[in-house]
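Me: I would like to go through a structure and ask how its labels are earned. Please set each value against its definition.

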Amino acid sequence: MSLEPKRASESSVEMTQIILPSHANGLNTIFGGQVAAWIDICAGVAAMRHARHVAVTASMDDLHFLAPAHVGEVLILRAHVNRAFGTSMEIGVRVDAENPLTGEQRHTATAYLTFVALDEDGHRTPVPPLLPETEAEKRRFQQAEQRRIWRLERRRIHLQTDDAD
Ligand SMILES: CC(C)(COP(=O)(O)OP(=O)(O)OC[C@H]1O[C@@H](n2cnc3c(N)ncnc32)[C@H](O)[C@@H]1OP(=O)(O)O)[C@@H](O)C(=O)NCCC(=O)NCCS
């Protein structure tokens, strides 16, 4: 049975976090691991909204930290489903830091994640196709196909050469 396509706007997520001293390193800027955790949560909510199933992180790639974010700033994370495949989905997350006093925002990080939908028994389950509508969604949809090819090839090589023990 084929599933009805769903719009990206039905699952997109915007998440806001104030950066507290407990999130910071010795430079008073945020830990990369903390940003990665929030990115994972934000993307996971988008994946589950799209699939309407529990979804687990299969991979996180191209996580680039472009600029530091400081204690007292507001971090804004925006997640979109870029494309759905069989049981997996690519989610793009963009992170901006906002100075709450001026409203000025700057781009601090971007990542692509793949989530896999699971049924009640923990088995992989098909997800609805994505229906891209805007120009940006269509561009992300197209680029996601190539990224999937690269990522699965990197995974294949990684599994062949994994000697990190
Ligand atoms: C992710 C997981 C469900 C994939 O299961 P699997 O049996 O290895 O799956 P397969 O190789 O048959 O691939 C299943 C789908 O996931 C995709 N996939 C699997 N590994 C992937 C990876 N590393 N990156 C991107 N996509 C991946 C496949 O392309 C396939 O997608 P499709 O159905 O849309 O074509 C499984 O590896 C798992 O449970 N991992 C742990 C997840 C977890 O606990 N995450 C939390 C953080 S630790």
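What follows is a set of questions and replies about this predicted model.

Me: What should I know about the numbering and the model before we start?

Reply: Residues are counted from 1 along each chain, in the order in which its sequence is written. The model is predicted, and local features need pLDDT of at least 70, side-chain atom pairs count only at pLDDT 80 or more, while totals for chains, interfaces and linings use all residues.

Me: How many helices and strands are there in the chain?

Reply: The chain has two helices and seven strands. A helix here is a DSSP run of H or I with at least four residues, a strand is a run of E with at least two, and both are numbered from the N terminus. In sequence order the pattern reads β-β-α-β-β-β-β-β-α.

Me: Why is the chain called as compact as a globular protein of its length?

Reply: Its radius of gyration is 17 Å, and the globule rule gives 15 Å for 165 residues; the two are close, so the chain is described as being as compact as a globular protein of that length. The radius is taken over C-alpha atoms, and the rule is 2.2 Å times the number of residues to the power 0.38. Along the principal axes, the C-alpha trace spans about 50 × 45 × 30 Å.

Me: What makes Glu98 buried, exposed or partly exposed?

Reply: A residue is buried if 20 or more other C-beta atoms lie within 10 Å of its own, exposed if 12 or fewer do, and partly exposed in between, with C-beta atoms placed from the backbone. Glu98 has 17 other C-beta atoms within 10 Å, so Glu98 is partly exposed. Glu98 belongs to strand S5, residues 88-98.

Me: Which label do Gly32 and Leu131 get?

Reply: Gly32 has 13 other C-beta atoms within 10 Å, so Gly32 is partly exposed. Leu131 has 15 C-beta neighbours inside 10 Å and therefore counts as partly exposed. Gly32 is in helix H1, residues 32-51, and Leu131 is in strand S7, residues 130-131. Over the chain of 165 residues, 29% are buried.

Me: What does Glu98 touch, leaving out residues up to four places away in sequence?

Reply: Contact requires the C-beta atoms of two residues, placed from the backbone, to lie within 7 Å. With that cut-off, Glu98 touches Glu73, Val74, Ile76, Gly103 and Gln105. Ile76 is 22 residues from Glu98 along the chain, and their C-alpha atoms are separated by 7.4 Å. Leu131, with neighbours within four places set aside, is in contact with Pro5, Lys6 and Arg7. Of the chain's contacts with a separation of 6 or more, 73% are between residues 24 or more positions apart.

Me: How do you know that S4 and S5 pair?

Reply: Two strands pair if DSSP finds at least two bridges between them. S4 (residues 74-84) and S5 are joined by 10 bridges, so the pair satisfies that rule, and the two strands run antiparallel. Val81 has Ile91 in S5 as its bridge partner.

Me: Where does this pair sit in the sheet?

Reply: The open sheet has five strands in the order S2-S4-S5-S6-S3, with antiparallel pairing. S2 (13-18) and S3 are called edge strands because each pairs on one side only. From one strand to the next the twist averages 25°. Such angles run from 0 to 180 degrees between N-to-C directions, and axes are lines fitted to C-alpha atoms, for helices over the stretch in contact.

Me: What joins S6 to the strands beside it, S5 and S3?

Reply: S5 and S6 run antiparallel and share 11 bridges, while nine bridges join S3 to S6, also antiparallel. Leu113 in S6 is the bridge partner of Ile91 and of Met60. S5 and S6 form a hairpin with six residues between them, and Gly103 in the turn has a positive phi of about 85°.

Me: Which strands does H2 lie across?

Reply: H2 lies across S3, S4, S5 and S6, and runs at about 80° to S4.
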